[in-house]
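Here are my notes for anyone opening this one for the first time. Have the viewer open and go through the points in turn.

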Amino acid sequence: MADILHQVGVKNASPDEAYRALTTLDGLSGWWTENTTGDTDIDGVIRFRFEPGDIDMKVVELNPGSRVRWEVVDGPTEWIGTHVNFALEREGEYTLIRFIHEGWAEPVPFMHHCSTKWGVFMLSLKSLLETGEGAPAPRDQKIDAWN
C-alpha cells in the first residue's frame, strides 16, 4: 500500500475554523472544487465534481476541531476504497493540517499527479483560511493533462 502525505501550517486560524472548512459545503467549495454537494454528516456522501471527473466521499469520521476522515466510494478506479484523512492540531501560532490519502494499491503514475494536486489544494485550503480566498477547481492551478 502507498499513501500521499502533506502538511500545511495555517496562521491565525483555529482548528475549529479549519474543521469547518473541511466539514461544510461552503468550506469545501471554497478550497477544493466549487461544485460540491451532498451530505457532510457521518455516513453522508459528499459529491465533488471536477472538469475531468467526479469523486464521491462517504464521511466516516468527524471529531470536531481535530479529525475528518472520508472513504472514496466513487471516482477514479485507483481511488475507490482509499481514505482521505485530515488531522488538525494547534502548534504555537499555527494550526497544522496533516493530510493523508491512504490505501493506494501501488504508486501508479496517476498517484504522482494526485500527490501534486493534493498539495495544490492544501495550499488553497491554507489560503482560504488565512485570507478568505481559496483557489478551488475550476480556478485551481493546472499541472498536467489530467486536469
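1. Start with Glu133, which is partly exposed at 46% relative accessibility. Keep in mind throughout that this is a predicted model. Glu133 forms a salt bridge with Arg139, and the closest N and O atoms sit 3.1 Å apart. Arg139 is partly exposed too, at a relative accessible area of 44%. Bring in Glu34 as well: Glu34, Glu133 and Arg139 are linked in a network of salt bridges.

2. While you're looking at that end of the chain, check the peptide bond from Ala137 to Pro138. It is cis, with omega near 10 degrees. Pro138 belongs to the segment after H3. Worth a second look, since most peptide bonds are trans.

3. How many salt bridges are there in the count? It comes to 12 salt bridges. The background is simple: side chains of opposite charge can pair when their charged atoms come close. One of them joins Arg49 to Asp56, with the closest N and O atoms 2.8 Å apart. Arg49 is partly exposed, at a relative accessible area of 22%, whereas Asp56 is buried, at 12%.

4. Another salt bridge runs between Asp43 and Lys58, where the closest N and O atoms are 3.8 Å apart. Asp43 is in the loop between strand S2 (35-38) and strand S3 (45-49), and Lys58 is in strand S4 (residues 54-63), so this pair ties together parts that are 15 residues apart in sequence. On the Lys58 side the residue is partly exposed, with a relative accessible area of 28%. Lys58 also has a strand partner to look at: Val45 stands opposite Lys58 in S4.

5. Stay on Asp43 for a moment. This residue is exposed, with a relative accessible area of 52%. Its phi is positive, about 70 degrees, although Asp43 is not a glycine. Asn12 does something similar, with a positive phi near 60 degrees in a residue other than glycine. Asn12 lies in the loop between S1 and H1 and counts as exposed at 66% relative accessibility. I'd point both out to a newcomer, because most residues other than glycine have a negative phi.

6. Now the strands. S3 and S4 pair in the antiparallel sense over five bridges, and a hairpin of four residues joins S3 to S4. S4 also pairs with strand S5 (residues 67-74), again antiparallel, over seven bridges. Within that pairing, Leu62 has Val68 in S5 as its bridge partner. The hairpin of S4 and S5 has three residues between the strands, and there Gly65 takes a positive phi near 75 degrees.

7. What about the inside? The largest nonpolar core has 38 residues, and those with the most contacts inside it are Trp31, Trp32, Trp70, Trp79, Phe86 and Ile97. Elements that give two or more residues to this core include S1, helix H1 (15-23), strand S6 (83-91) and helix H3 (109-131). Which element gives the most to this core? H3 does, with nine residues. As a general note, in soluble globular proteins nonpolar side chains tend to be buried together.

8. Trp31 is a good residue to click on. Leaving aside neighbours within four places in sequence, Trp31 is in contact with several residues, among them Ala21, Leu22, Phe86, Trp118, Phe121, Leu128 and Pro136.

9. Is His101 buried or exposed? His101 is buried, with a relative accessible area of 0%. You'll find His101 in strand S7. A polar contact of 3.0 Å joins the side chains of His101 and Trp118. Not counting residues up to four places away in sequence, His101 also touches others, including Ala2, Ile4, Val72, Trp79 and His83.

10. Last stop, Lys11, which lies in strand S1 (residues 2-11). Lys11 is partly exposed, with a relative accessible area of 31%. Residues up to four places away in sequence aside, Lys11 touches Glu93, Tyr94 and Glu130. To connect this point with the one before, Lys11 and His101 are 90 residues apart in sequence and 23 Å apart in space, C-alpha to C-alpha.

Notes:
Residues numbered from 1 in each chain as written. Predicted model: local features only at pLDDT ≥ 70, side-chain atom pairs only at ≥ 80, totals over all residues. Heavy atoms only, no water. Buried < 20%, exposed > 50% of the residue type's maximum accessible area, 1.4 Å probe, protein only. Contact = heavy atoms within 4.5 Å. Salt bridge = Lys/Arg side-chain N within 4 Å of Asp/Glu carboxyl O. Pairing = 2+ DSSP bridges. Core = buried A, V, L, I, M, F, W, Y, C linked by side-chain atoms within 4.5 Å. Polar contact = N/O pair within 3.5 Å; in protein donor to acceptor, adjacent residues only side chain to side chain.
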